[in-house]
Amino acid sequence: MVTREKAQPAASERMSLVSPKGGCVDSLRYPDIADLMSRLHFAPGDGRIWLDDQRMLLVHTGSVGVMRRELIESLGIDAARGLLTRMGYNSGARDAELARKVRPDSTITEMFAVGPQLHMLEGMTFVEPVRLEIDVEKGEYYGEFIWKNCAEDEEHIRIYGIGAEPVCWTQIGYASGYTSVFMGRPILYREVECRALGQAQCRIVGKPVEEWGEEAADDLRFMQAQSFTQGLSAGAVKREQSVAVLGDVSAQTPTAFGDANMVGASPGFNAVCHMIRRVASTRATVLFLGESGVGKEVCARTLHRISACSNGPFIAVNCAAIPEALVESELFGVERGGFTDAKQSRPGRFERANGGTLFLDEIGILSLTAQGKLLRALQEGEIERVGDTQTRRVNVRVVAATNLDLKDEIRAGRFREDLYFRLNVFPIRVPSLRERREDLPVLLNHMLHKYRELHQRDVTGFTGRAIDAMLNYGWPGNIREMENLVERGVILAPDGGAIDISHLFTSGETIDAEMFGLGTNGALTPTGSLLDQAAATPDAEIERVARKVNSLLMGISGDIEPTSLDDIETALLKGAVQRAQGNLSAAARTLGITRPQLVYRLKSRGLRV
Ligand SMILES: [Zn+2]
């Protein structure tokens, strides 16, 4: 419906956009790309290229083409497409983290333009906007773009010629990853025209996943490595859909990039999915490792669901939640009379899990006696109730989880080494939320739906700065913490409005000061304090100085851009203040000077205090 003016150099390309409210068309330029280019640094002296704080590569499209061909030929076209799509998704998600950081005070469309502009800067394609409607808070998005000079179809066509399917997989992944992270909810792009179909250019359309109907099911498939409904009978699929794991209502929520409970497109998470699928059909004992709150129980349930004993029970025990004195009777049952004061006999969790899976969470804190019994159960397949002399055979697959380093526990004499080896047959490390930030949109969307429904609240979504704050947040409590935050946000946000930072971080979470420099629509910290300044200072600048200093000190050869002592000191001062989140006394202590000395130095550099 719209129209770009004549081609000009990319840096000042004109872009026509539908205004955020929709309807009228206003014409504006792509913002000057200088702000993005200034974050691209070639450091041949130490063999690295940086885009802000991300290390980049300059690779030959020809060699990527070779890899692509090998992927297609060795894995098949579907698997190759999936891999490349997810690779693109990952880099799009990374670039999205730059958008608000680089253009904190711009309009939403200018901020969004970081994506297309970086895509061009990175040499993937020329992006011409056709139509763009964004409302982050309402979660509304429609984007239509034309791609010219795609690096990807060029290579594909060179090798395979014109075909029947669009082929710009990495790029579609990039657009989806970028926009999903920018919007804080899953947005899927499809290539509706592609040069590889014989058309003159490629054309892509992006919409929230829910708005795509059946036609996008195929495209969606490539965002996830493993579908856990694959290979299940129809009944099992139905059962699977009715089993809510993350919570009770999650099964009904629309999901993307995975089923309701195992969602994500990140490589770390996909590796977990892959290993679960691998081991599920065996009888091997599985040990899930990872910080608390990463979803180890969800993984265990999924493992059970797709295993051969999925018709049997799934019994979960949190070893930490049971008083130590009761652990044994809970696990192994108790026999009336004899040595116990039990009024009646009852089976333990082991017996109840017979024919199915027993999930032992926080296994690291089991008492040594209970560990001995557990070892026996694993080795002999039999258990003994407390106060009983009779042994009972059990057929149970044990899946354990811990956030402790069991080797440390062994060294400290708190964990049996023989049990460790018994459990550690197939360890799977579940990544922390920090390691899978590109999954945030999918997870946020999932939780938003879930709690909106649970609490009957009419909350539209998240504000831009809330999304950014969550991207920058460290998530020490992982997915569980995120659930709490989103639930709280859903409750606190105004009806018909969006969840903002103040609705999320209310119980003293330490938020990175950096994000307060954003000020998308109304600055969060209008005080103009040093903190803001430090926040506005790109970390890249500090990092650049750090790299130079490092090269100097470590005697790394090669050309080093000259750095003045002054610059180094400025970077140190800013870094310390940033690290101390604006607490000048703490910053001074880090630097081994007094507070007045710090203030003096800051002022002498024209940095406001
Ligand atoms: Zn294409």
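# A guided tour of the predicted model

Of the contacts in the protein chain with a separation of 6 or more, 67% are between residues 24 or more positions apart. The model on display is a predicted one. Its protein chain has 609 residues, of which 44% count as buried. The chain holds 25 helices and 18 strands.

**Stop 1: the sheet of β3, β4 and β5**

Select residues 40–43 and 54–56, which are strands β3 and β5. These are the edge strands of an open sheet, each pairing on one side only. The sheet has three strands in the order β3-β4-β5, and the pairing is antiparallel. On average, neighbouring strands here are turned by 30° against each other, direction ignored. Add residues 48–51 to show β4, which pairs with β3 in the antiparallel sense over four bridges. One pair to label is Leu-40 with its bridge partner in β4, Leu-51.

**Stop 2: the sheet of β6, β7, β9 and β8**

Move next to residues 126–135 and 187–193, which are β6 and β8. Both are edge strands, and each pairs on one side only. They belong to an open sheet of four strands in the order β6-β7-β9-β8, with antiparallel pairing. From one strand to the next, the twist averages 15°.

Helix α5, residues 114–121, packs on this sheet and touches β6 and β7. The direction of α5 makes about 160° with that of β6.

Now select β7, residues 140–148, together with β6: the two run antiparallel and are joined by nine bridges. Phe-126 stands opposite Lys-148 in β7, and Glu-128 has Ile-146 in β7 as its bridge partner. In a regular strand, side chains alternate between the two faces of the sheet. Follow the two strands to the turn of their hairpin, where four residues lie between β6 and β7. Gly-139 in that turn has a positive phi of about 75°.

**Stop 3: Tyr-178**

Select Tyr-178, which lies in helix α7, residues 169–183. Is this residue buried or exposed? Tyr-178 counts as buried because it has 30 C-beta neighbours inside 10 Å, where 20 or more are required. Leaving aside residues up to four places away in sequence, Tyr-178 touches Gly-92, Ala-93, Asp-95, Ala-96 and Gly-115. For one of these, Ala-93, draw a distance between C-alpha atoms: the separation from Tyr-178 is 4.6 Å, although the two residues are 85 apart along the chain.

**Stop 4: helices α10 and α11**

Show residues 267–280 as α10 and residues 296–305 as α11. The axes of these helices come within 9 Å and cross at roughly 40°. The crossing of α10 past α11 is right-handed. Which residues in α10 meet residues in α11? From α10 they are Val-272, Ile-276 and Ala-280, and these meet Cys-299, Thr-302 and Leu-303 in α11. The residues of this contact divide into five nonpolar, one polar and no charged. In general, an α-helix has 3.6 residues a turn, so residues three or four places apart point the same way.

**Stop 5: Gln-456**

Go on to Gln-456, in the loop between α17 and β17, the latter at residues 461–462. Gln-456 has a positive phi of about 50° although it is not a glycine. Most residues other than glycine have a negative phi. With 8 C-beta neighbours inside 10 Å, Gln-456 counts as exposed, the limit for that class being 12 or fewer.

**Stop 6: helix α19 and Asn-478**

Finish with helix α19, residues 478–492. At 1.5 Å a residue, the 15 residues of α19 should span 21 Å. The C-alpha atoms at its ends are 21 Å apart, which agrees with that expectation.

Colour the buried residues of α19: Asn-478, Ile-479, Met-482, Glu-483, Leu-485, Val-486, Gly-489 and Val-490. What covers these buried residues? The cover includes α17 (440–455), β18 (498–499) and α20 (501–504).

Within α19, centre the view on Asn-478. Asn-478 is not a glycine, yet it has a positive phi of about 55°. Asn-478 counts as buried because it has 23 C-beta neighbours inside 10 Å.

How values were computed: Residues numbered from 1 in each chain as written. Predicted model: local features only at pLDDT ≥ 70, side-chain atom pairs only at ≥ 80, totals over all residues. Expected span 1.5 Å × (residues − 1). Contact = placed C-beta atoms within 7 Å. Axes fitted to C-alpha atoms, helices over the stretch in contact; angles between N-to-C directions. Left-handed = near helix turned anticlockwise from the far one by under 90°. Nonpolar A, V, L, I, M, F, W, Y, C, P; charged D, E, K, R; others polar. Pairing = 2+ DSSP bridges.
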